[in-house]
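This report describes a metal site and the strand pairing beside it in the account that follows. The sequence and the model are shown first.

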Amino acid sequence: MSLTINDVRAKMPNYNNYKEKKRRGNIVGIAIHHSETINRATGAPVGNAKNLFAYQTKVQGLAHGGYNYVITHRGKVEYALDENIPALHAGFQDPSDTLGLEYGEYWNNHYLAICLVGWFSNGRAYRDTEGYTHVVPDDYTTPNDTQLSALVGLVEKLQKQYDIPVENVRGHRELAGCQTICPGLNVDPAQIRQQLQKPTPAVDEVVSPPDPIDIEPQPGEHVVILPDTDRYFNALMVYIWKFKPDVSFAINEAMGRWKYVTIVGDETVVNESQIARLRQSGTVWVQRISGDSLTTRKISETLASESRPFLRLDELPAVSEAPTKYKNEDEDEDEEVSYTVQPGDTLSAIAKQFYGQGSAWRVIYEANRNLINGSVQVSPGQVLQIPPNH
Ligand SMILES: [Zn+2]
């Protein structure tokens with residue numbers, strides 16, 4: 001599977017004030033959180049890294065946002081805080097260090113933080129400014145599949161990068177000293193770990209081939225497919241003389257007929273889907289020898305002189321993995337973002353936060369005309385649509 005990471009680090013509030021900060025100690029684990037930001041009427045997850053960081057810095061007074069990565073409701077992976085900066089995600093009071101976790105800063109210094117946007121427990125409620133409690137409907141109480149597969153892809157990448165064992169991929173509530181149900185009672189970290197231990201589908205589908213070094217074909221078990229005879233026959237002479245394989249000129253004839261198949265020539269003569277069909281038809285081992293006739297001659301003569309008809313695994317062309325794509329956030333600003341109004345907010349304060357200038361308040365005003373009812377006043381808890389910043 002492929003993974004796209006949107007680098008939004010430089011767009012976070014106060015970025016210049018903390019960008020040089022460094023974590024103490026190495027990264028040994030990953031903690032998974034949920035944001036508890038939802039649309040109060042529907043329960044739908046709301047927000048992205050920019051919203052979360054704005055809340056944490058403006059309202060909670062933190063130096064910077066609390067997560068290295070944020071995964072939105074739509075499965076967009078946002079790289080929000082440099083991996084070298086400790087995310088303030090799991091602090092706790094342990095002044096005498098009775099847990100042996102370096103005065104409660106252990107998790108922040110040694111664990112990367114990933115936040116799933118949403119609130120993943122049932123029975124959610126909020127209290128309004130008058131003190132009344134309102135129940136939120138039990139919808140959107142689990143991460144969706146897109147979000148979960150983005151999480152698994154990201155965690156796998158980070159595990160590889162920092163050599164993180166699967167038991168150190170944890171839910172926030174599994175970190176000693178943290179009194180929380182984060183990332184929500186409907187998220188089972190053990191299940192995520194189980195998924196991480198599964199082989200990836202690509203590996204799953206391929207029947208593991210025998211080590212070609214051990215193969216000694218009996219007469220009639222091995223065929224050389226040679227579609228471009230004029231070009232390669234001479235180059236193959238020594239090989240054919242030595243191993244006495246059958247020789248065929250059409251790949252289709254080989255389906256279900258030979259146990260071992262050597263294809264001579266590149267993708268233009270026999271392509272990968274034909275090879276896949278060959279495998280499905282029962283062929284145990286397929287190798288390709290390709291290159292110009294001189295290269296082909298060299299390979300086949302080496303094999304003949306070493307008395308082995310097949311290339312070793314390390315001599316075969318590498319299968320390329322799906323690469324991680326890094327994207328500059330500027331290329332992808334199409335997503336309209338929702339923002340929940342916080343106490344003390346004004347339209348121009350929100351405009352400043354999203355667009356960098358308070359005078360842009362009218363953009364938000366226009367986009368939310370129906371909701372704000374012609375008034376320029378906003379009240380805490382209102383969910384505003386913030387149009388993309390173009
Ligand atoms: Zn958490």
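At 7% relative accessibility, Cys182 falls under the 20% limit and therefore counts as buried. The model is a predicted one. Cys182 is one of the protein donors of the zinc ion, contributing its SG atom, alongside ND1 of His33 and ND1 of His172. These donors lie 2.0 to 2.2 Å from the zinc ion, and their spacing in sequence is H-x138-H-x9-C. Both His172 and Cys182 are placed in the loop between strand S8 (169–171) and helix H5 (189–197), so the pair ties together parts that are ten residues apart in sequence.

The accessibilities of these two loop donors are listed below.

| Donor residue | Relative accessibility | Class |
|---|---|---|
| His172 | 12% | buried |
| Cys182 | 7% | buried |

The remaining donor, His33, leads to the strands. His33 stands opposite Cys115 in S5. Strand S2 (residues 29–34) runs parallel to S5, and six bridges join the two. S5 also pairs with strand S3 (residues 69–71), again in the parallel sense, over three bridges; here Ile71 has Leu116 as its bridge partner in S5.

How many residues of strand S5 (residues 111–116) are buried? Six of the six are, so the strand is largely enclosed by the rest of the structure. In a regular strand, side chains alternate between the two faces of the sheet. In S5, Tyr111, Ala113 and Cys115 point one way, while Leu112, Ile114 and Leu116 point the other way, and all of them are buried.

Methods:
Residues numbered from 1 in each chain as written. Predicted model: local features only at pLDDT ≥ 70, side-chain atom pairs only at ≥ 80, totals over all residues. Heavy atoms only, no water. Donors = N, O, S within 2.8 Å, 3.2 Å for Na, K, Ca; no water. Helix = DSSP H or I, 4+ residues; strand = E, 2+ residues; numbered from the N terminus. Buried < 20%, exposed > 50% of the residue type's maximum accessible area, 1.4 Å probe, protein only. Pairing = 2+ DSSP bridges.
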